[in-house]
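Open the model in your viewer and keep the selection tool at hand. We will go from one pair of helices to a sheet, and then out to the contact between the chains.

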Number of protein chains: 2
Amino acid sequence: MSSTEAAPRGAAAATVGIDWGTTHRRAYVLDAAGRCLREHADGEGLLAARGRFEASLAALLAALDADGEGVEVLMSGMVGSAQGWVEAPYLDVEVPLAMLRERQVGVPGPNRRIRIVPGVRLRRGERVDVMRGEETQLLGAAALGHADGWFVLPGTHSKWVQLRASTIVDFATYLSGELYALLSREGTLAAAMSGGEAHVAPAFAAGLAAAADGALSNALFGVRARVVGGAMAPGDARSYLSGLLIGAEWHDLRRRCGGRWPDAVTLVGEPGLAARHADAARAFGVALHGVDPRAAHLAALASLR
Amino acid sequence: MSSTEAAPRGAAAATVGIDWGTTHRRAYVLDAAGRCLREHADGEGLLAARGRFEASLAALLAALDADGEGVEVLMSGMVGSAQGWVEAPYLDVEVPLAMLRERQVGVPGPNRRIRIVPGVRLRRGERVDVMRGEETQLLGAAALGHADGWFVLPGTHSKWVQLRASTIVDFATYLSGELYALLSREGTLAAAMSGGEAHVAPAFAAGLAAAADGALSNALFGVRARVVGGAMAPGDARSYLSGLLIGAEWHDLRRRCGGRWPDAVTLVGEPGLAARHADAARAFGVALHGVDPRAAHLAALASLR
């Protein structure tokens, strides 16, 4: 994918921002005034680029006509992990997001200014959690005026983050997307499913409600039990599973908030999963504010340059 | 596997009991006095025998020298499911285990008395659960004097069952074994693991403790977060995951018991997983009574003949 925004013809690239994840990569080319000239997304994530990050980046910059010597490259995501290009050590929670700019790690190289934004780590008693990439989205959301409260960034590994005055004070990652993919593809639950990915709203809502119980491993078996026990049609099982997994995230939020739903949650994410979280928010009587992830990333780049 | 108990030479088979599951099958041959003459286990479960149950049983009986015309065959497990040989409709909970004998379903056929024990179903509000095979083990456990309290039958789908005066009053199935297998084999957690299946006791104990939080989908991501966040060695990850999944079962039990641990739990299971549940019971200060699954099945057959 590649697109061009309204920008002066022939404007020169000054900054390239790259969200470089495990399986995907998204790049934005900005001019000196911070206007987005071009953007691009591809599947050359960490797994595909490992061992040849420098060549992979050079090819990307050339394709984006952004390989001038003065171009600054700001990267976030798994590219800064121990398995990435250069490790950018985690910041610990309770550090203001503004520190991300200061703690960027330079990538050694002769011609370009290439920097990687650090991830964030939580170690609190038995709880350990990490993020890489989401902190940059949150920096952008905060710059756009969303600097307090609970945030959800849905995905393969869904993140729930509490910000206070633009500082990450708590967060939790959920395996939801990965569990959904694994359990829909193989094993006992997959065998009880039929039909495609079509969303069945009542089944999703039933899954949301069943997640209140808190016993997820039991509720997961319940996907199969409901089908073989004659309480659910096989074609409803995928949506019910999705409701269970997303519902587990929401009910945990309630628990973290002392057993009460917060007034509002801010979602930074793509439309597909955003729609499911909007269903959940509606079911639980919570206001859901949306932040466009592209706008968040561009706002973050403005803060990081 | 095949073995012979102390029994008169040449004693004739009178009853064959078969626990016929999805992937495995176990058979016991009894004489008219109820003594176990021979037993056998193989991998000819439902999936392997589907479409040819009659031939599969005939071959098994011939191999066990139990194919005489008068031999009675009593089967339990998935063989009685909708995907099995003949469907034996579920009994609903709150039915005394003694009813299993009465509600056996006959398999049509000219020469032999073949019957299938029904499974048990729970439908209580949003909770739906099913079992097939475990009810027969529990009938046997009750006959051996374990007729009250909470029981755990560990496995791919771990069952927790409450008996009251030899009646199943509540039960819950956990996807533990299947989740452990899936998540150890592929995906994000598997990538963070190293080493073999060796049990690491402190990592297992840490998993048991972390499960108290109740947020399983978050705790599962924590397996990876602890490794990449420098809080756990990759070689500990499998045991930690095992602790989390088994711990989730135990902490749910505590919740079901009004937030208090019961005094005792009875385990019907094989030594491997039994040892992990013994670790959990010790950690939580609960007495664990063991019932040998073979003895339970033989006691069940004595009740069902």
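Start in chain B by selecting two sets of residues as sticks. From α7(B), take B:Ala203, B:Phe204, B:Ala205, B:Ala206, B:Gly207, B:Leu208 and B:Ala210; they meet B:Ser239, B:Tyr240, B:Leu241, B:Ser242, B:Gly243, B:Leu244, B:Ile246 and B:Gly247 in α9(B). Colour this contact by residue type and you should find 10 nonpolar residues, five polar and no charged ones. Bear in mind as you look that this is a predicted model.

Now switch to cartoon and show the two helices whole, α7 (residues 201-210) and α9 (residues 237-256) of chain B. Their axes are 6 Å apart, and the helices pack at an angle of about 35 degrees. If you turn the view to look through one helix onto the other, the crossing of α7(B) and α9(B) is right-handed.

Next stop: a sheet in chain B. Select its five strands and follow them across in the order β13-β12-β11-β14-β15; the sheet is open, and its pairing is mixed. Which strands sit at the edges? They are β13 (167-174) and β15 (287-291) of chain B, each of which pairs on one side only. Tilt the sheet to see its twist: on average, neighbouring strands are turned by 25 degrees against each other, direction ignored.

Zoom in on the β15 end. Here β14 (residues 264-268) of chain B pairs with β15(B) in the parallel sense, over five bridges. To pick out a bridge, select B:Ala264 and its partner in β15(B), B:Ala287. Then add helix α10 (residues 271-284) of chain B, which lies across β11 (149-153), β14 and β15 of chain B. Relative to β15(B), helix α10 of chain B runs at about 160 degrees.

Finally, bring chain A back into view. Chain A superposes on chain B by a rotation of 180 degrees with 0.0 Å of shift along the axis, at an RMSD of 0.0 Å. That is the relation of a two-fold axis. Both copies use the same surface, as 100% of the contact residues of chain A recur in chain B.

Select that contact: 37 residues come from chain A and 39 residues from chain B. On the chain A side, the elements supplying at least two residues each include β9 (120-124), β13 (167-174), α5 (176-185) and α8 (216-228). Linger on α8(A), which gives the largest share of this side, nine residues. Coloured by type, the chain A side divides into 19 nonpolar, 11 polar and seven charged residues.

Notes: Residues are numbered from 1 along each chain as its sequence is written. Chains are lettered from A and ligands numbered from 1 in the order in which they are written. This is a predicted model: local features need pLDDT of at least 70, side-chain atom pairs count only at pLDDT 80 or more; totals for chains, interfaces and linings use all residues. Two residues are in contact if their C-beta atoms, placed from the backbone, lie within 7 Å. Helices (H or I, at least four residues) and strands (E, at least two) are DSSP runs, numbered from the N terminus. Ala, Val, Leu, Ile, Met, Phe, Trp, Tyr, Cys and Pro count as nonpolar, Asp, Glu, Lys and Arg as charged, and the others, Gly among them, as polar. Two strands pair if DSSP finds at least two bridges between them. Axes are lines fitted to C-alpha atoms, for helices over the stretch in contact, and angles run from 0 to 180 degrees between N-to-C directions. Copies are superposed by least squares on the C-alpha atoms of residues with pLDDT of at least 70 in both. A crossing is left-handed if the near helix is turned anticlockwise from the far one by less than a right angle, and right-handed if clockwise.
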